[in-house]
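Here is a short report on one model. It covers a central strand, the ligand shell and a few single residues.

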Amino acid sequence: MSKFSLQGRTALVTGGARGCGLAFARGLAEAGANVAIFDVILPDESFGLLEKEFGVKTAYYKVDVSSEESLQHGFEQFQKDFDNKLDICVPCAGINRHLPFLEFTYKDHQDLLSINVLGLYFTAQLAAKQMISNGTKHGSIVLVASMASHIAVRSQLCSAYCGTKGAVRSMCPAIAKEMAEYNIRVNSISPGYVRTEMTASFPHLIESWKADAMNGRIAEPEDIMGACVFLASDASAYMTGQDIIVDGGVTRCANNEG
Ligand code: NAD
């Protein structure tokens, strides 16, 4: 079997109802994994077609990752439906808030932290517990960080968001180190500018974002899917604690002024 195959594996993607999370769910299903998603909104109808398209099992659970109770309940339901199997977890649910640094309120920042940091952290923790209890030999957790944890992204007033993504990136090697003995690898992905609902509110910035990329365009969600499938699969078996930047070269260009 190809080292890229996820045949027989079970994956969980949070924030999988649309955007990057939906693309990750699709990529994992295409590689053969059964895929469950947690989200606060109903999934795009294309999610329901994955079963027929790729012959895998799919399920959606309404879960708010910022609520300990909701997350716990979601995992309980998921465990029952998927016979306690879990090999791959992609905590992707995230939000952004655009405010100047001097105007950020405590509450705004707390909302970001509770979803982007606490939600992600405890999703990864519950997933790891489930992987350990079922004795997976192929555990892979792929945390979704951002290019915004590497550079001050152009014209976006998102200092708090950048901080949450920095937290994701720096917790990654620490979690990876603790999980290595359980056959669980932990890596992160830092996408650049991706065309999703999150970036849709900045139509005036799209042209400058395109110019920032070496290839002259922003990413479609499918453009970042491959990095996730690679990190989920045995093709990346020797990689752990790392971050993969998928940004069209934005962070490698000296002229990007942020
Ligand atoms: P999006 O807004 O299209 O999707 C986010 C998804 O997360 C939605 O389905 C939303 O309902 C879900 N979600 C939000 N709060 C939740 C909660 N409390 N519980 C469960 N689900 C919740 O945005 P996207 O661009 O697809 O972003 C997905 C991830 O990718 C985020 O973590 C984001 O920070 C990251 N990212 C996006 C970009 C980009 O340019 N779009 C770049 C780098 C990183």
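A residue counts as buried if 20 or more other C-beta atoms lie within 10 Å of its own, exposed if 12 or fewer, and partly exposed in between, with C-beta atoms placed from the backbone. The model is predicted: local features need pLDDT of at least 70, side-chain atom pairs count only at pLDDT 80 or more, and totals for chains, interfaces and linings use all residues. Residues are numbered from 1 along each chain as its sequence is written. Helices (H or I, at least four residues) and strands (E, at least two) are DSSP runs, numbered from the N terminus.

**Three single residues**

| Residue | Place | Exposure | Other C-beta atoms within 10 Å |
|---|---|---|---|
| Asp-83 | loop between H4 and S4 | exposed | 9 |
| Ser-133 | helix H5 | exposed | 11 |
| Asn-183 | loop between H6 and S6 | partly exposed | 16 |

Asn-183 is partly exposed because 16 other C-beta atoms lie within 10 Å. Its phi is near 60 degrees, a positive value in a residue other than glycine. Asp-83 also has a positive phi, near 50 degrees. Ser-133 and Gly-166 are 33 residues apart along the chain, and their C-alpha atoms are separated by 30 Å.

**Strand S5**

How many of the residues of S5 are buried? Six of six, across residues 139–144. Both faces are covered. Gly-139, Ile-141 and Leu-143 are buried on one side, and Ser-140, Val-142 and Val-144 on the other.

S5 has parallel partners; strands pair if DSSP finds at least two bridges between them. Strand S4 (residues 88–91) joins S5 over two bridges in the parallel sense. Here Cys-89 stands opposite Ile-141. Strand S6 (residues 184–191) pairs with S5 over six bridges, also parallel. Gly-139 faces Ile-184 there.

Helices link these strands. S4, H5 (residues 106–134) and S5 form a right-handed β-α-β unit. S5, H6 (residues 159–179) and S6 form a right-handed unit as well. Right-handed means that, with the strands pointing away from the viewer, the path from the first strand over the helix to the second runs clockwise.

**The ligand shell**

Around the ligand there are 31 residues, of which Gly-15, Gly-19, Gly-94, Thr-196 and Met-198 come nearest. A residue is near a molecule if its C-beta atom, placed from the backbone, lies within 6 Å of it. H1 (19–30), S2 (34–39), H5 and H7 (197–200) each supply at least two shell residues. By class, the shell has 17 nonpolar, 10 polar and four charged residues. Ala, Val, Leu, Ile, Met, Phe, Trp, Tyr, Cys and Pro count as nonpolar, Asp, Glu, Lys and Arg as charged, and the others, Gly among them, as polar.
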